[in-house]
Amino acid sequence: MGEQLTKFRRRRAARKAFEDLDERRDMYIVLHYSCESFYDIKDGRTPRVTSIAARNFTTGQTTSFSIHKSAEQLGVSLSDITRRYDELEKHMLDEYFDFIKSRHGYSFIHWNMRDINYGFQAIEHRYKVLGGDPFTIDDSRKFDLARELINQFGPGYVPHGASGRLHSLMELNRIAARDALTGQQEADAFDAGEYVKLHQSTLRKVDVMSNILERALDGSIKTTATWREKTGYHPAVAIEIIREHWIWSIVVVVVAAVGLLASVKALF
């Protein structure tokens, strides 16, 4: 299969994924979380989770879980959070997994939450480390918005920049960056014990992701992708599609048969 045809089919599959989501939008939850910076960890452990936000894509209703909220519920002062972090993180993740388990049939929209460094696996692993029994979301119920935008528009649809594509999209589409911290700002906030600031950033990002997704669905999203990158059309694609189509195969066979018949007649 040609490279251009592969890209074209990837874009077509992405469009279909967006269309399917749009038809069942009431069964989708936008999920995002903040954590300790995994770049600064030297002992090999997974980053501590700081806050999680889950926003219903249709209603906008948002449920959140955070270290400082758990501290308030358990009567732990902000100054004592660091010393009792494991206890508070376990309490926060207890609530999060109870929430996830109760959302039967829902799918989860996320941004690059794909591995043990940052993703669903990382949250599950932290819960195991703290003595919990995590509920695992099936991969078929996960919609990676970051990946599908690349599939739809190509990897150059927006500059990665110093703060990642999400922040570049916000700037390009004039979405206010209020409270949405960059990766480095989140790392600094964690080190400074600014857990409320991290929580506000997480809440803001699920709002931003919903905004971006709405624009992707209605076609109003702004990108730096060219027309060809957006559509995936290329002369090579047309040729490959024609070659793979069954009608083309019949034409080839007929032409070959006619040519063979003409050769046989010429011999006589």
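In this predicted model, the largest nonpolar core comprises 35 residues, and those with the most contacts inside it are Tyr-33, Ile-52, Leu-93, Tyr-96 and Ile-123. Two or more residues of this core come from each of strand S1 (28-35), strand S2, helix H2 (67-73), helix H3 (85-101), helix H4 (120-129), helix H7 (183-191) and helix H8 (195-218). H3 supplies the largest share, eight residues. Apart from this core lies another, of 28 residues, which includes Phe-143, Leu-149, Val-158 and Ile-212. In the protein as a whole, which has 268 residues, 43% count as buried.

Tyr-33, one of the residues with the most contacts inside the largest core, stands opposite Ile-52 in S2. With residues up to four places away in sequence left out, Tyr-33 touches Val-49, Ser-51, Ile-52, Met-113, Asn-117, Tyr-118, Gly-119, Ala-122, Ile-123 and Thr-202. Two of these partners, Ile-52 and Ile-123, are themselves among the residues with the most contacts inside the core.

The pairing of S1 with S2 is antiparallel and extends over seven bridges. S2 (residues 49-56) is also joined to strand S3 (residues 62-66), again in the antiparallel sense, by five bridges. Within the pairing of S2 and S3, Ser-51 stands opposite Ser-66, and the bridge partner of Ala-53 is Ser-64. S2 and S3 form a hairpin with five residues between them. In the turn of this hairpin, Gly-60 has a positive phi of about 80 degrees. S2 is mostly covered, with eight of its eight residues buried. The protein contains five strands, together with eleven helices. Of the contacts between residues at least 6 apart in sequence, 68% join residues at least 24 apart.

The largest pocket encloses about 1,000 Å³ of space. Its lining is made up of 32 residues, of which Phe-38, Tyr-39, Asn-112, Ser-163 and Gly-183 are the closest to the centre of the pocket. S1, H5, H6 and H7 each give two or more residues to this lining. By residue class, the lining divides into twelve nonpolar, twelve polar and eight charged residues. S1 and H7 thus appear both in the list of elements that contribute to the lining and in the list for the largest core.

Gly-183, one of the residues closest to the pocket centre, has its C-alpha atom 8.4 Å from that of Gly-164, although 19 residues separate the two glycines along the chain. Gly-164 is located in the loop between helix H5 (145-153) and H6. The relative accessible area of Gly-164 is 10%, so this residue counts as buried, the cut-off being 20%.

His-167 belongs to helix H6 (residues 165-172). Because its relative accessibility is 15%, His-167 also counts as buried under the cut-off of 20%. Beyond its neighbours within four places in sequence, His-167 is in contact with Ala-180, Leu-181, Thr-182 and Lys-205. Of these partners, Lys-205 falls within the range of H8 (195-218).

Conventions. Residues numbered from 1 in each chain as written. Predicted model: local features only at pLDDT ≥ 70, side-chain atom pairs only at ≥ 80, totals over all residues. Heavy atoms only, no water. Helix = DSSP H or I, 4+ residues; strand = E, 2+ residues; numbered from the N terminus. Buried < 20%, exposed > 50% of the residue type's maximum accessible area, 1.4 Å probe, protein only. Contact = heavy atoms within 4.5 Å. Pairing = 2+ DSSP bridges. Core = buried A, V, L, I, M, F, W, Y, C linked by side-chain atoms within 4.5 Å. 1 Å grid on protein atoms, 1.4 Å probe; cavity = no way out; pocket = protein on both sides within 12 Å on 5 of 7 lines; lining within 4 Å. Points joined across faces, edges and corners; volume = space filled by probe spheres on them. Nonpolar A, V, L, I, M, F, W, Y, C, P; charged D, E, K, R; others polar.
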